[in-house]
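This report takes up the annotated sites, one long-range packing arrangement and one loop residue. The structure comes first.

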Amino acid sequence: MPHIDNDVKLDFKDVLLRPKRSTLKSRSEVDLTRSFSFRNSKQTYTGVPIIAANMDTVGTFEMAKILCKVGLSSCITFGEHPDLLNYSQAQALLTLSNVRKRFPQHTIMAGNVVTGEMVEELILSGADIIKVGIGPGSVCTTRKKTGVGYPQLSAVMECADAAHGLKGHIISDGGCSCPGDVAKAFGAGADFVMLGGMLAGHSESGGELIERDGKKYKLFYGMSSEMAMKKYAGGVAEYRASEGKTVEVPFKGDVEHTIRDILGGIRSTCTYVGAAKLKELSRRTTFIRVTQQVNPIFSEAC
């Protein structure tokens, strides 16, 4: 029989962070650098834990060069393999175990999942970092095509708890539409936050530049979209549906301005809740459930 989980699950839009007593005198005092030691590879990482997504129109060498200058990272996209998504869970875990045996000192990222039990399975099978998120991305249509998904804030909270219990780490992948969402992801326990749509449409982003009626746009598409599958697999296989879409994003100019806005927003978050370091943010976070984020009269989406 089908089962209904009646526990409330929340997304970024459903909460705000409660401000707390703070002794910080300036946002410039906030340290956004994190240092991690990975469970299985034994390798270490130090940097600002924000990553450009492994998408054609985001994970470019040009993007990586700019992000690297301020301590951020980028996944460089060399092409997706859609058929990998059709492995059963048992096959995927077996493949992961074999990769770990072959590359014992490599840091392995695996996913995407949204439940604590799958996080534990992947970590115990050899992964170091688990990508969390099914369907929250701006060009992802998985929820529409399959009915499968999980509200991202709750997914991050539950998966972070499971991962940290095994000394593993997670990436919140998808669902961020503004700097406040990135801060909420870190507050919920994410070790890293991966950004796609927020970094699309820039000079350093991939995708065709389109000019129409005096305005400029850049193409942005999901890696399970028909466009991506045509590029890497010759088209959408008969046994599956496209789970991504292609959109035209207004051209935003150089990405450094967006990065500065994101990092400034997170520093402000830390200041409001009294966290001198990004590492302290989740311990200082109390979420308040809300029905409205902002005054909508002159506001944008977030």
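## Helix 8 and its end

Helices here are DSSP runs of H or I with at least four residues, and they are numbered from the N terminus. Helix 8 is followed by Gly-274, whose phi is positive, near 80°. The model is predicted.

Helix 8 covers residues 255-273. Its length can be checked. At 1.5 Å a residue, its 19 residues should span 27 Å, because the expected span is 1.5 Å times one less than the number of residues. The end C-alpha atoms of helix 8 are 28 Å apart, which agrees.

## What helix 8 packs against

Buried positions in helix 8 include Val-255, Ile-259, Ile-262, Leu-263, Ile-266 and Val-273. Polar side chains are buried there too, among them Thr-258, Ser-268 and Thr-269. The buried residues of helix 8 pack against two helices, helix 1 (61-69) and helix 6 (179-187). They also pack against strand 1 (15-17), strand 4 (50-52) and strand 9 (192-195).

## The nonpolar core

The largest nonpolar core has 72 residues. Ile-50, Val-182, Leu-195 and Ile-266 have the most contacts inside it. Ile-50 is in contact with Val-182, Leu-195 and Ile-266, leaving aside neighbours within four places in sequence. On the same count, Ile-50 also meets Ile-262 and Leu-263, both buried residues of helix 8. Further partners of Ile-50 include Leu-72, Ser-73, Phe-186 and Val-193.

## Annotated sites

An unreviewed UniProt entry places a "binding site" at Gly-135, Gly-137, Cys-140 and Arg-143. The UniProt annotation "active site", also from an unreviewed entry, covers Cys-140 and Thr-142. Cys-140 thus carries both annotations.

Gly-135 lies in the loop between strand 7 (129-132) and helix 4 (142-146). Cys-140 is in the loop between strand 7 and helix 4. Thr-142 lies in helix 4.

Which of these are buried? Gly-135 is buried because its relative accessible area of 13% falls under the 20% cut-off. Thr-142, at 10%, counts as buried. Cys-140 counts as partly exposed, because its 28% lies between the 20% and 50% limits.

## Contacts around the sites

These contacts leave out residues up to four places away in sequence. Gly-135 touches Cys-140, Thr-142 and Arg-143. Cys-140 touches Gly-135, Glu-243 and Gly-244. Thr-142 is in contact with Ile-134, Gly-135, Gly-147, Val-148 and Glu-243. Glu-243 therefore contacts both Cys-140 and Thr-142, because each has heavy atoms within 4.5 Å of Glu-243.

## Ser-41

Ser-41 is found in the loop between strand 2 (34-37) and strand 3 (44-47). At 3% relative accessibility, Ser-41 counts as buried. Its side chain reaches the backbone nitrogen of Gln-43 at 3.1 Å.

Beyond four places in sequence, Ser-41 touches Arg-100, Pro-104, Gln-105, His-106, Thr-107 and Asp-128.

Definitions and conventions:
Residues numbered from 1 in each chain as written. Predicted model: local features only at pLDDT ≥ 70, side-chain atom pairs only at ≥ 80, totals over all residues. Heavy atoms only, no water. UniProt positions renumbered as here; feature names shortened; annotations may be inferred. Buried < 20%, exposed > 50% of the residue type's maximum accessible area, 1.4 Å probe, protein only. Core = buried A, V, L, I, M, F, W, Y, C linked by side-chain atoms within 4.5 Å. Polar contact = N/O pair within 3.5 Å; in protein donor to acceptor, adjacent residues only side chain to side chain.
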